[in-house]
Amino acid sequence: MNALTDSVYMARALGLARCGMQTTHPNPRVGCVIVLGDRVVGEGFHERAGEPHAERLALQEAGALARGATAYVTLEPCCHVGRTPPCTEALLAAGIVRVVAAMEDPDPRVQGEGFAALRAAQVAVDVGLMRDEAHQLNRGFISRLTRNAPFVSAKVGASLDGRTALLNGDSQWITGVRARADVQALRAQSGAILTGMGTVRFDDPHLTVRHPAVRQPLRVVVDSGLALSPTARLVTEPGELVVFTVAEGPNAEALRAAGVRVVAVGGAAHAVDLRAVMAELAGLGINDLLVEAGPTLLASLLHDQLIDELILYMAPVLIGSGRPIADFTIPALDQQICWRYEEVRRVGHDLRITLTREI
């Protein structure tokens with residue numbers, strides 16, 4: 001195969017992997033294409049944890065035609081026994097003679113050992129084709145395994161003058177219908193959604209995916225004083241809910257009785273240790289975390305440099321005095337928090353601006 005042909009098949013494998021964007025949690029999103037000569041003989045993508053991996057599904061479709069073929073896979077094939085058997089063994093048993101992989105698996109149970117097992121069996125292995133695209137696809141999985149923290153995206157809906165709500169907290173609705181529908185897709189791709197008590201008090205939110213979803217994300221509340229009411233909508237409606245607090249108080253048992261997981265992570269009197277929260281979420285297998293928070297919690301996350309991506313939905317309206325995106329003060333301009341534009345596009349009448357932190 002030449003480089004151009006390899007790229008075509010890897011692009012197809014990446015496209016297949018994206019079919020699992022909302023379903024693979026907490027596993028990585030992986031696609032596989034098996035090619036014999038110039039013919040695709042098998043395809044597959046990993047859909048859910050505990051179900052067959054992409055390689056096995058592609059091999060199943062290829063059948064006997066896998067012998068002598070090349071497998072294009074977006075992530076290093078696993079070589080350990082987890083919920084499913086090793087994919088390296090399946091590739092070898094099927095007679096695959098070449099594997100083209102986009103990137104190494106950061107999971108310490110694999111991390112190069114899958115490639116080593118294939119090479120030891122005289123399979124040709126090429127690594128790195130379209131690595132950046134594969135990394136982007138599994139940035140949360142990579143973050144959890146390498147930083148012990150999810151990849152954190154903060155979503156904000158704001159007016160042109162940078163207001164997220166009126167002073168009385170009324171924010172329904174600044175952005176339009178299509179922007180709000182786009183947020184539902186963000187939620188569906190996230191392992192968890194995090195908010196603070198300010199948002200709970202003002203909005204009494206659901207923090208759920210509104211359209212039919214294969215699974216609902218874990219709902220997370222940062223609540224330093226453990227003031228969440230057992231009658232709040234987050235508590236009374238179905239779904240998993242975890243509350244992170246500084247220390248357990250008298251309300252803890254009432255919340256647990258209502259099915260809430262309460263976790264004390266320490267911190268200052270009125271400030272939960274947010275880095276500890278991220279480590280706890282990583283321990284729960286959360287790859288991608290979506291923050292939908294008010295200006296106080298968002299400011300704290302920004303101060304601690306815990307937000308990797310900011311997704312700003314900006315409506316073409318002015319509302320004057322109101323709640324800011326983030327409530328913080330800097331003493332001088334050389335201490336400003338800098339971001340880099342990654343994408344700007346229209347969503348209905350609004351702009352969706354995606355930014356990443358300047359390091």
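Is aspartate 204 buried, partly exposed or exposed? Point 5 takes this up, after the overall picture and some details of the fold.

1. The model is a predicted one. The protein contains 12 helices and 18 strands. Its C-alpha trace spans about 65 × 45 × 40 Å along the principal axes. For 359 residues, a compact globule would be expected to have a radius of gyration near 21 Å, and the 23 Å of this protein agrees with that.

2. Of the 359 residues, 51% count as buried. The accessible surface comes to about 16,500 Å², and carbon and sulfur atoms account for 52% of that surface. Side chains with a positive charge number 34 and those with a negative charge 39, with the centres of the two sets 3 Å apart. Among contacts between residues at least 6 apart in sequence, 68% join residues at least 24 apart.

3. Helix H2 covers residues 54–62, and its buried residues are Ala54, Glu55, Ala58, Leu59 and Ala62. Viewed down the helix axis, these residues fall within an arc of 125 degrees, so they line one face of H2. Gln60 and Glu61, on the other side of H2, are exposed. The cover over the buried residues includes strands E1 (31–36), E2 (39–45) and E3 (70–73), together with helix H3 (87–94). After H2 comes glycine 63, with a positive phi near 60 degrees. Leucine 91 belongs to helix H3 and is buried, at 1% relative accessibility. Leaving aside neighbours within four places in sequence, its contacts include Glu55 and Leu59 as well as Ala71 and Leu118. The C-alpha atoms of leucine 91 and leucine 59 are separated by 7.6 Å, although the two residues are 32 apart along the chain.

4. Two other buried residues can be looked at in the same way. Aspartate 288 is in strand E14, residues 288–291. This aspartate has a relative accessible area of 12%, so it is buried, the cut-off being under 20%. Not counting residues up to four places away in sequence, aspartate 288 touches nine listed partners, among them Arg29, Arg139, Phe151 and Gln189. Leucine 207 sits in the loop between helix H8 (197–203) and strand E9 (218–222), and with a relative accessible area of 2% it is buried. Beyond four places in sequence, leucine 207 touches Arg187, Ile193, Thr195, Arg219, Val220, Leu234 and Glu292. Asparagine 138 is 69 residues from leucine 207 along the chain, and their C-alpha atoms are separated by 23 Å.

5. Aspartate 204 is in the loop between H8 and E9. Its relative accessibility is 30%, so it counts as partly exposed. Its phi is positive, near 45 degrees, though the residue is not a glycine. Most residues other than glycine have a negative phi, and most peptide bonds are trans.

6. Two further backbone details should be checked against that background. Glutamine 305 has a positive phi near 55 degrees and is likewise not a glycine. Glutamine 305 lies in the loop between helix H12 (295–303) and strand E15 (309–314), and it is exposed, with a relative accessible area of 53%. The peptide bond from histidine 25 to proline 26 is cis, its omega being near 0 degrees. Proline 26 is found in the loop between helix H1 (3–17) and E1.

Definitions and conventions:
Residues numbered from 1 in each chain as written. Predicted model: local features only at pLDDT ≥ 70, side-chain atom pairs only at ≥ 80, totals over all residues. Heavy atoms only, no water. Helix = DSSP H or I, 4+ residues; strand = E, 2+ residues; numbered from the N terminus. Rg over C-alpha atoms; globule rule 2.2 N^0.38 Å. Buried < 20%, exposed > 50% of the residue type's maximum accessible area, 1.4 Å probe, protein only. Contact = heavy atoms within 4.5 Å. Areas by Shrake-Rupley, 256 points an atom, 1.4 Å probe, with all protein chains shown as cover. Lys, Arg positive; Asp, Glu negative; His and termini not counted. Charge placed at Lys NZ, Arg CZ, Asp CG, Glu CD. Arc of directions from axis to C-beta.
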